[in-house]
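Please open the structure in your viewer and keep the selection panel within reach. The tour below moves from one selection to the next and says what is there at each stop.

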Amino acid sequence: MDRILDDQTIEINLPSKIGYERVAMASSAALARLGGLAPARIEDLKSAVAEACINAMQHGNSWRPEARVVVHLNLSDDRFIISVTDQGGGVPEVPEYPGVVKIIEENASPRGLGVFLIQQLVDEVRFNETADGGHTMIMEMRLKK
């Protein structure tokens, strides 16, 4: 993925190995603090970033350690944008809200609710396919100053 990096962007390149999502969590939290994001929102951000990275490792990269997850953190005057890119299949189909309720009511496995969780924790979520067949999840949080 070719992306122009500027003085407001940090790039993190992770192997698809559980535990490395913590690097992205810590980095995003540190940058969010610099941007003035409220502490409670930073906790939401950390959870969303961890879930997005794990989804990319599992669903996009099939846990292949040589397949990378690239995280871009961009802090502007009014928003914090986090993109998480995998090298493969991407996240599974996003369940609609009634589907989530059905899963909970039937006491079925909570698997598959990660994207729904991310949507509840950040202000906006978008998905893009990359030119090389990977997928990017873009999450935005508004900064209130």
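The stops begin with the whole chain, go on to the sheet and its strands, and end with the helices and the core.

**The whole chain**

Begin with everything shown as a cartoon, and keep in mind that this is a predicted model. The chain has four helices and five strands, and if you trace it from the N terminus the elements come in the order β-α-α-β-β-α-α-β-β. Of its 145 residues, 42% count as buried. Among the contacts in the chain with a separation of 6 or more, 65% are between residues 24 or more positions apart. If you switch on a surface, the accessible area comes to about 8,100 Å², and 51% of that area belongs to carbon and sulfur atoms.

**The sheet**

Now select the five strands together, which form an open sheet in the order β1-β2-β3-β5-β4 with antiparallel pairing. Strands β1 and β4 (124-129) stand at the edges, and because each has a single partner strand, one side of each is left without a neighbour in the sheet. Looking across the sheet, you can follow a twist that averages 15° from one strand to the next.

**Strand β2 and its neighbours**

Select residues 68-75, which make up strand β2, and note that seven of its eight residues are buried. On one pairing, β2 is joined to strand β1 (residues 9-15) in the antiparallel sense over seven bridges, and within that pairing H72 of β2 is the bridge partner of E11. On another, β2 runs antiparallel to strand β3 (residues 79-85), with six bridges joining the two. Show the side chains of V71 and V84 to see a pair that stands opposite each other, with V84 in β3, and then add S83 of β3, which stands opposite H72. H72 is thus a useful residue to label, since its partners include E11 and S83. The link between β2 and β3 is a hairpin, with three residues between the two strands.

**Strand β3 and strand β5**

Stay with β3 and color its residues by burial: six of the seven are buried, so this strand is largely enclosed by the rest of the structure. Then extend the selection to strand β5 (residues 135-142), which pairs with β3 in the antiparallel sense over seven bridges. In this pairing, I82 has M139 of β5 as its bridge partner. Which residues does M139 touch, not counting residues up to four places away in sequence? They are A48, V49, A52, F80, I81, I82, V84, I118, V122, E124 and V125.

**Helix α2**

Next select residues 39-60, which are helix α2. At 1.5 Å a residue, the 22 residues of this helix should span 32 Å, and its end C-alpha atoms are 30 Å apart, which agrees. The buried residues of α2 include I42, L45, A48, V49 and A52, and also N55 and G60. Together, the buried residues of this helix pack against β1, α1, β2, β3, α4 and β5. Just after α2, stop at S62, which takes a positive phi of about 50°.

**The nonpolar core**

For the last stop, show as spheres L45, V71, F80, I82, V84, I118 and M139, which have the most contacts inside the largest nonpolar core, a set of 31 residues. The elements that give two or more residues to this core are β1, α1 (21-35), α2, β2, β3, α4 (114-121) and β5. Helix α2 gives the most, with eight residues. Several of the residues already visited return here, among them V71, I82, V84 and M139.

Terms used:
Residues are numbered from 1 along each chain as its sequence is written. This is a predicted model: local features need pLDDT of at least 70, side-chain atom pairs count only at pLDDT 80 or more; totals for chains, interfaces and linings use all residues. Side-chain values use heavy atoms; hydrogens and water are left out. Buried means under 20% relative accessible area, exposed over 50%, partly exposed in between (1.4 Å probe, protein chains only). Contact means heavy atoms within 4.5 Å. Accessible areas come from the Shrake-Rupley method with a 1.4 Å probe; for residues, only the protein chains shown count as cover. Two strands pair if DSSP finds at least two bridges between them. A nonpolar core is a set of buried Ala, Val, Leu, Ile, Met, Phe, Trp, Tyr and Cys residues joined through side-chain atoms within 4.5 Å. Axes are lines fitted to C-alpha atoms, for helices over the stretch in contact, and angles run from 0 to 180 degrees between N-to-C directions. The expected span of a helix is 1.5 Å times one less than its number of residues.
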